[in-house]
Amino acid sequence: MDNERTEQPYGDLGPGGGSLGPHLADYWQIVYRRIWLVLLIFAVTTASAMWAVSRQRTQYRADLTLQVNDPLQTARALNPTARISSMEIFVDPIESEIQVLQSANIAREVVDSLGMRLAPVSEDLVRSDLFREARVDPDAEPGTYELAFGENGETVTLRGGDGGVLATGAPGQRLDAGFVSFIPESPPLEARVYPVEILPTGQAVSAVRGRISASPRQSTNLIDVSYISHDPALAPHVLTHAAEALRRYGAERVSVAADKEVSFIEQEMDEARAQLQRSLERIQDFKESRAFTDLSLREQALVNESEEMTARIQALDEHRAFLSDLVREVERVGVSEMDLVQVKASLPEAVNPQIGDLVDRIRDRQSDLRSVLTEERVTTDHPRAQALVDRIRSAEEDLLAALQANLRTVENRLERLREQQMELRDRQRAFPELENQLQTLQLQQEMDQGTYQYLVSQLYQARIMEAAASPYVDILDRPIGATEIDPRGRMNILLGALLGLLLGTGAAFFLEYLDRTVRTTADVEAFLGIPALGIIPRLRKVEEAEGKEKRTPAPTPLVVALDPVNPAAEAYRNLRMNVMFMSTEDDPIRSLVFTSPGPSEGKSTTALNFAVILAQQGERVILVDADLRRPALHRSMDVLREPGLTNVLVGDASLKEALRPNVLPNLDFLPAGPFPPNPSELLNSRSMERLLEELEGEFAHVVLDSPPVLAVTDASILGARMDGVVVVLRSGKTEQKAAERSVDQLRRIGIRVFGAVLNEVTAATPEESYYLQYYYSYRPDRKEAGGLSKVRQTLSRARFWVG
C-alpha cells in the first residue's frame, strides 16, 4: 500500500484534452444524442408550415409591360442643342418610374378610380363575387354595411350599420347610395345577406401598393409589372389603371415643369431687358456729364501744361535755394567777410533789384571806410570812421531784410506753383479713371445684352418643350386576364422543415452548452487530467451465456459472468488490462478502491465486474464491500449481508467466519455486515489496517467498493490505506465540478488516483462508438438473421445505442 506516487498518471491535458480541436463528427454526436428533440421540433415546424399553407387563399396575378421613353425626345428632335440635366446622368430613369408606379399617389388614384375602399368583410368572398364598377366618395367615412338579396335573388338592398335602407335595386343595375355606388352581381352563395365595408383610404392604398411589383428588363427600357390579388376579375383593372395613372402623372410632370420654366424665363427676360436699358442709359449720362467724346486731345494738352509747370517749379526752387543760402551766409559771417562782387554777379535775374542796390551801396560805403582809414590814417574809433561803420551795418540789416522778404516771396510762389502742379496731376489722373469708367459701363452693357440674348434662346427651347409635352410611358402588353399562381406552398413547407431542422439543431447545441456533465473520455482527460481506464456501455438486457431464457429487463451488475461475450464484458477486460499495465515490479498494484463522486454512478457494479475479470486470470481475488452505509454487492452475489466487514472490525466474527469463499471461481467475497453507527471511525481503525494487511498477504488482489467521495470521508480513508483509487463516473450524469472536486480531494491527502472509468456510455463520441460498434459486430455468437428476426435484432441494437 504505497501512496507516495501522487502525480497525475496521465498529465494535465488542459481544456482541449490534447486534441487538435473539434471534429465534424463531434458536432454530429451532439445532434445525435438529442435526435428525438431535433425530430420533434422538425415535426412541429413542418406540421405548422403545412397547416399555414392549407389556410392560404388562392391568388391570381395579372401582368403588364411598360416602355419608358425619353420625356424630352420630341423637344430634342426639334432642338438638338437642348440641355441635359445632371439628374439625367446620375439618376436611373427606369428605376425612378418603378418607384413612382409603386408610390402612394398612383395607388390612391387606382383606389379612387376603382372604388377599392368598398370590399367584402368575409375572406371567403372577393369583390367580383358581389359587385363591380364601384365608386366611393373620397369623404365617405369607414364603416360596415349589409348587402341583402331577396329570396328569389331579383332584388338587392344596401343597408347601413343600424339596419336602415340606403339603396335598393336589382342585380346588374347600378345601386347608388350617394356616398357609394356599384353594380351588384347575383348572390354567389346560398346566403342572402353579405356584410361589406368601406375601408379607410390609407388601408386601401397600402393594400394596393403592397401587391404591385415591377422589375426592369436588362439592357432595355421595358418594365414588367404584375399585380397579385385574390380577385381574378379585379387584378387586370388595377394594373391597367395604375399604368394609365403613371402615364398621366408623367405627362403632367413634364408639362408642369415646362410651364414653370417658361414662366421663370419670361420673368428673368423682363428683368434682363430692364437691366440692358439701364446700362445704355448710364453710358449716355456719363458722356453727357463729362462733355467730351474723345479723351486723347485733352489728355495731350494736360501733359504739355504739366511739363511747363514742372520747369517753372524747378527754376523757382533753384532761386529759393540761392536766397536761402545767401541769408544763412549773411547771418553767419556778415557782409564784411563776403565777396560782394561775386554775390552781385550770382544774383538771379528774377531777384528783387533792391537787393542789388543794397549790395552796391554796401560796397560804396565799404570803399569810403577803407579810404578814411588809409588816407586820413585814423582808427575805427574815429567819429567819421564810426559813422561809416554804422551806415554799413544799417545797410547790411536792410540787405538781410530784403533777402528774407524776397525768400518768403519766392517760397510763396513756389508753394502756389506746386499746388497748381498737384491740381494738374489730379486732372491727368482723372483721364484714365474716366476711361476705365467708360469701359466698365460698356462691358456691363455687353454682358446685359448677352444675358438677354441667352434668355431669348432659352425661352425658345422652353416653349418647344411646353408644346412637345406628352405621355412618355407606353403600355406595350396590356393584361388579358389573371392567372392562378402557386402560393409558394411547397416552398413554404420546405422552408418550415428547414427551419425546424435549424431550430432543433440549435436547441440540441444549446442543451449541450448547458450540459456540464462528463460524457466522454475527452471530458475526463480534459477536466480531470487523469486517463480514462475503461468505457463501460449501457445495457438494457442480458441473456444467459448458454441458455436463451431472458432475465428481467432491469440492469444486471454481474455481466462478466452471465454474458462473457457481451460488449460490456469486453469493456471490463479492457479496464483490467489498463490497470494491470500501470502495475510494475517496483510498484505493483495489488489493492485498489472503487469510488465515485456521488451515488448511483456504477461504482459497485464496476468493482464487482472488475474483481470477477481479475479472478478469471486464475489469481485469487478478494472483493470487499466497504460501503457500510448503502451496501449493494451482497444482492448481486446473492449472499447474506451478515456476518461481514463490520463484524470482523468490531470483533464479533473472525475473517474466516465472515468471508464467503469462492462465490465465483478464484473470487472470495467479504460483505459489508450490519450497519455500524460510526462507519468512518470503524474504517479508520487499527483493526481495518490489520485486516487489509492480512488480505493483501493472503490474496493476489484486493478490491474495495467504497462510498462516494463527496458524500462521506470513507473513500478517502480507504484510499490512503490502498495502492490507489479508481473513480467511476456516469456518462451524462456526473457533473464536471463534482468530478473535479472528487479528484482534487483525493490528491490533497496524497492518494494516488489511477484514473477514471466512464460508465453508462451510449456511443457518446466517435471514439466510443467506434469501439462499441465494431466489437458488437465482431461477437463470436453473431449469426446472420433474416426476416422478422433480423428486424428484432436491428430494433434491439437501436435501443442499445440510443439508451
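Leucine 710 lies in the loop that connects β19 (701–705) to α24 (714–721). The model described here is a predicted one. With a relative accessibility of 30%, leucine 710 falls in the partly exposed class, because buried is reserved for values under 20% and exposed for values over 50%. Leaving aside residues up to four places away in sequence, leucine 710 touches Pro597, Ala738, Arg741, Ser742 and Gln745. One of these contacts spans a long stretch of chain: leucine 710 and proline 597 are 113 residues apart in sequence, yet their C-alpha atoms are separated by 5.5 Å.

The next topic is the packing around helix α14. Two packed helices are described by the angle between their axes and the distance between the axes. For helix α1 (residues 24–33) and helix α14 (residues 489–514), the axes come within 9 Å and cross at roughly 95°. The two helices, α1 and α14, are therefore roughly perpendicular to each other, since that term covers angles from 65 to 115 degrees. On the α1 side the contact is made by Tyr27, Ile30, Val31 and Arg33, and on the α14 side by Thr505, Ala508, Phe509 and Glu512. Sorted by class, the contact of α1 with α14 has 5 nonpolar, 1 polar and 2 charged residues.

Helix α2 (residues 35–54) also meets α14. Here the axes come within 7 Å and cross at roughly 155°, which makes α2 roughly antiparallel to α14. The crossing of α2 past α14 is right-handed. The contact of α2 with α14 comprises 14 nonpolar and 8 polar residues, with no charged ones.

Helix α15 (residues 521–528) is mostly covered, with 6 of its 8 residues buried. The buried residues of α15 are Thr521, Asp523, Val524, Glu525, Ala526 and Leu528. Directly after α15 comes glycine 529, which has a positive phi of about 70°.

The last part to follow is a sheet. What is the order of its strands? The sheet is open, has 5 strands and runs β2-β9-β4-β5-β6, with antiparallel pairing. At the edges are β2 (118–120) and β6 (165–169), each of which pairs on one side only. From one strand to the next, the twist averages 25°.

Strand β4 (residues 143–149) has two partners to consider. With strand β9 (residues 193–198), β4 forms an antiparallel pair over 6 bridges, in which glycine 143 stands opposite isoleucine 198 of β9. With strand β5 (residues 156–159), β4 is joined by 4 bridges, again in the antiparallel sense. In this second pair, glutamate 146 has arginine 159 of β5 as its bridge partner. The connection from β4 to β5 is a hairpin with 6 residues between the strands, and glycine 153 in the turn has a positive phi of about 75°.

Strand β5 pairs in turn with β6, antiparallel and over 4 bridges. Valine 156 has glycine 169 of β6 as its bridge partner. β5 and β6 also form a hairpin, with 5 residues between them, and glycine 163 in that turn has a positive phi of about 95°.

How values were computed. Residues numbered from 1 in each chain as written. Predicted model: local features only at pLDDT ≥ 70, side-chain atom pairs only at ≥ 80, totals over all residues. Heavy atoms only, no water. Axes fitted to C-alpha atoms, helices over the stretch in contact; angles between N-to-C directions. Parallel < 35°, antiparallel > 145°, perpendicular 65-115°, else oblique. Contact = heavy atoms within 4.5 Å. Nonpolar A, V, L, I, M, F, W, Y, C, P; charged D, E, K, R; others polar. Buried < 20%, exposed > 50% of the residue type's maximum accessible area, 1.4 Å probe, protein only. Pairing = 2+ DSSP bridges. Left-handed = near helix turned anticlockwise from the far one by under 90°.
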